[in-house]
Amino acid sequence: MLENSEANAGKPTVMIVGGGFGGLAVAKGLRKADANVVLLDRENHHVFQPLLYQVATASLSPESISAPIRAALTKAKNCQIVLDEVVDIDVERRR
């Protein structure tokens, strides 16, 4: 999942499940942390849902309210985006 390199070795890994408002805020907040950050989401884009009604009424185009997750995290050099789905969490083993 994470690139194996000397720069990543020994650093803690923070796994963020979901690229919504909360997930993006946490990833942005950790951009200067000495940790490997992995943001996991099923989609490669973030949708600004408060404006969905304007898309439904044709006031805005769908492209106006969605953006690639990678674009939102360009300054977070320690963050890797993984497109996948969580099916289970093992709390004891932290996996």
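This report describes the fold, the sheet and the surface of a predicted model.

## Overall fold

The chain contains three helices and five strands. Their sequence order is β-α-β-β-α-β-α-β, with a strand at either end of the pattern.

Along the principal axes, the C-alpha atoms occupy a box of roughly 50 × 30 × 20 Å. Among contacts with a separation of 6 or more, 55% join residues 24 or more positions apart.

## The sheet

An open sheet is built from three strands, in the order β1-β2-β5, and the pairing is parallel. Because β1 (13-17) and β5 (79-83) stand at the edges with a single partner strand each, one side of each has no neighbour in the sheet. From one strand to the next, the twist averages 20°.

Strand β2 covers residues 36-41 and pairs with β5 in the parallel sense over five bridges. One residue pair can be named here: Asp41 has Leu83 in β5 as its bridge partner.

## Burial and surface

How much of the chain is buried? Of the 95 residues, 22% are buried. The exposed area of the chain is about 7000 Å², and carbon and sulfur atoms supply 52% of that area.

## Charge

The chain carries 11 positive and 11 negative charges. The mean positions of these two sets lie 10 Å apart.

Conventions. Residues numbered from 1 in each chain as written. Predicted model: local features only at pLDDT ≥ 70, side-chain atom pairs only at ≥ 80, totals over all residues. Heavy atoms only, no water. Helix = DSSP H or I, 4+ residues; strand = E, 2+ residues; numbered from the N terminus. Buried < 20%, exposed > 50% of the residue type's maximum accessible area, 1.4 Å probe, protein only. Contact = heavy atoms within 4.5 Å. Areas by Shrake-Rupley, 256 points an atom, 1.4 Å probe, with all protein chains shown as cover. Lys, Arg positive; Asp, Glu negative; His and termini not counted. Charge placed at Lys NZ, Arg CZ, Asp CG, Glu CD. Pairing = 2+ DSSP bridges. Axes fitted to C-alpha atoms, helices over the stretch in contact; angles between N-to-C directions.
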